[in-house]
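Thank you all for coming; I would like to take you through one model this morning, beginning with its largest pocket and then turning to one helix. Please keep the structure in view while I speak.

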Amino acid sequence: MNVIRQTLAVGAEKPFRALHISDTHLTYADARDGQRKVDLVAWRLPSFPYAEQMLAEAGDLANELGVPILHTGDLIDYVSLANLEAVTRFTAAHDVFMATGNHEFSLYVGEAKEDAAYRNQSLPRVQACFANDIRMSSREIEGVNFVALDNGYYLFEPEQLAFLQQQVQKGLPIVLMMHTPLYEQPLYDMIMKVTPCAYLAGVPEPLMRCYPPERYEQQLADEVTLQTMEYIAAQPLIKAILAGHLHREYQGWYAGRIPQFVTGCTSARLIEFV
């Protein structure tokens, strides 16, 4: 596991550390979920051969240092009894604050359109594995408010914008946690060099016209998402964004002023917040 160490000034009451990880993609399944799910392991495991090792190393490091784990989604690759059991064991053994990803609700990976109805088929089972509300929740550490929002489907929802506005009313510096990074032109340019779409939230529509049709439909921002992103950009209490989804490391600036950190599958970002 590649450990990235850095310091982030957010206005903490006193310095503290936390470990940011993302996109573990555990790929467990057995006969209890049927042969189709077992076959899914053979397909997906080669893409994430080090998932178990990476999660174990991150957990050991967090426990050794006595720091919380900030996970920004796709801890599992798909819903299965074995995956959910593994998550339950991990969250029982470690201090985990979670912002869910799209794969937390994936039944067979790419088999259906991902929307609220699809998500809600598995939401109760997945939620039971975590201490915090994985769709939107907050946690205060040393005067810093960590706010986790589920944007795994590239969208924010009205209740999430309202929740974020309520959190701002607390008057504390905020670190946002979400699965899908927010659009930045340098990040868009970097991803488009290697993929047919950028896999970012809030990409301007003209820049999406080269996307494959299914990705255009999937990633096109709606009005609430654009409003939420404008609110984030304008809100001075929001000090940083932690995200994942891209399976690579990136450090940039959302709206030209908010540090945005993307952490990949085989890395852990050990951040000292000051």
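Which residues lie nearest the centre of the largest pocket? They are N102, E114, Y154, R215 and Q218, out of 31 residues that line the largest pocket. I should say at once that this is a predicted model, in which local features need pLDDT of at least 70 and side-chain atom pairs count only at pLDDT 80 or more, while totals for chains, interfaces and linings use all residues. Residues are numbered from 1 along each chain as its sequence is written, and side-chain values use heavy atoms, with hydrogens and water left out.

A pocket here is an open set of points on a 1 Å grid over the protein atoms alone, where a 1.4 Å probe fits, with protein on both sides within 12 Å along at least five of seven lines, and lining residues have an atom within 4 Å of a point. About 870 Å³ of space lies in the largest pocket, and α1 (35-44) and α7 (213-219) are the elements giving two or more residues to its lining, with the largest share, four residues, coming from α7.

Turning to helix α2, residues 51-65, we find that its buried residues (under 20% relative accessible area, 1.4 Å probe, protein chains only) are A51, M54, L55, A58, G59, L61 and A62. They cover an arc of only 165 degrees around the axis, which puts them on the same side of α2. The face turned away from that buried side carries E52, D60 and E64, which are exposed, that is, over 50%. Just after α2, G66 takes a positive phi of about 70 degrees.

Technical notes. Arc of directions from axis to C-beta. Points joined across faces, edges and corners; volume = space filled by probe spheres on them.
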